[in-house]
Structure formats: C-alpha cells, structure tokens
Amino acid sequence: MDVEAIARSARARFAAYVRECIDPGSDERDRTGTTFPIEALREAARVGLWALGMPAACGGGGANALEWGITLEQLGYLADDGSFPLVI
C-alpha cells in the first residue's frame, strides 16, 4: 500500500471540510474551551469522515488501520485545531 497515495487521497477528500467547518473559530474554541459545533461533526458524517474507520459491513468506510491512521495524521496537518484528529 502506497502511504503517500493514502495521504494525498485524505488531503484531497477532507481539506475543504477542515478549512470550511473546523478551522473557523478554532482560536476562539482554544481560548474559551468550547466544543466543536455539532453541525461541524454532522458534516464530518456527511462527507464520510466520521465512519471512515468502521467496517464497510457495518455501513462504515472500510478503511484499514493504516489508512485510518494516515487520515488522522493528515487531519492533524490540515486543521488549525490540533484536537480535531482526537475528537473524530
């Protein structure tokens, strides 16, 4: 499995979501200790991120451990909010 290809795919698939739904307000959330907006987490489900690491047989995205781990790593690089990969 090509690790760089997985990373490129994750960035291409989720960069816009992170930029539009996670990054806005990240500084304010850090300062005030507030949580992610529920709408942002619902959007994570809509774009296929929430269930990506779950088995396809259960309705998930079917990513294996390597694919899921690289996706989380890329989310960490993409997001202004460093806690996002831990939340998702």
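This report describes the fold, surface and selected residues of a predicted model.

## Overall fold

The protein chain contains 5 helices and 0 strands. In sequence order, the pattern is α-α-α-α-α.

The radius of gyration of the protein chain is 13 Å, which agrees with the value near 12 Å for a compact globule of 88 residues. Along the principal axes, the C-alpha atoms fill a box of roughly 40 × 25 × 20 Å. Of the contacts in the protein chain that join residues at least 6 apart in sequence, 59% are between residues at least 24 apart.

## Surface, burial and charge

About 5,200 Å² of the protein chain is accessible surface, and carbon and sulfur atoms account for 55% of that area. Buried residues make up 33% of the 88 residues.

The protein chain carries 8 positive and 13 negative charges. The mean positions of these two sets of charges lie 5 Å apart.

## Cysteines

A search of the whole structure gives 0 disulfides. Two cysteines can be described by their accessibility. C21 has a relative accessibility of 23%, so this residue counts as partly exposed. C58 has a relative accessible area of 62% and is therefore exposed.

## Arg29 in helix α2

R29 belongs to helix α2, which covers residues 26–32. Its relative accessible area is 7%; the cut-off for a buried residue is under 20%, so R29 is classed as buried.

When neighbours within four places in sequence are set aside, R29 is in contact with I22, P24, T34, T35, F36, P37 and D81. One of these contacts, D81, is an acidic residue by the charge count used here, in which Asp is negative and Arg is positive.

## Glu67 in helix α4

E67 sits in helix α4, made up of residues 65–78. Its relative accessibility is 22%, so E67 counts as partly exposed. The cut-off for a buried residue is under 20%, and the value for E67 is not below that.

Apart from neighbours within four places in sequence, the residues in contact with E67 are M1, I6 and G62. E67 and D30 are 37 residues apart along the chain, and their C-alpha atoms are separated by 28 Å.

Conventions:
Residues are numbered from 1 along each chain as its sequence is written. This is a predicted model: local features need pLDDT of at least 70, side-chain atom pairs count only at pLDDT 80 or more; totals for chains, interfaces and linings use all residues. Side-chain values use heavy atoms; hydrogens and water are left out. A disulfide is a pair of cysteine sulfur atoms within 2.5 Å. Buried means under 20% relative accessible area, exposed over 50%, partly exposed in between (1.4 Å probe, protein chains only). Helices (H or I, at least four residues) and strands (E, at least two) are DSSP runs, numbered from the N terminus. The radius of gyration is taken over C-alpha atoms; the globule rule is 2.2 Å times the number of residues to the power 0.38. Contact means heavy atoms within 4.5 Å. Accessible areas come from the Shrake-Rupley method with a 1.4 Å probe; for residues, only the protein chains shown count as cover. The place of a charge is taken as NZ of Lys, CZ of Arg, CG of Asp or CD of Glu.
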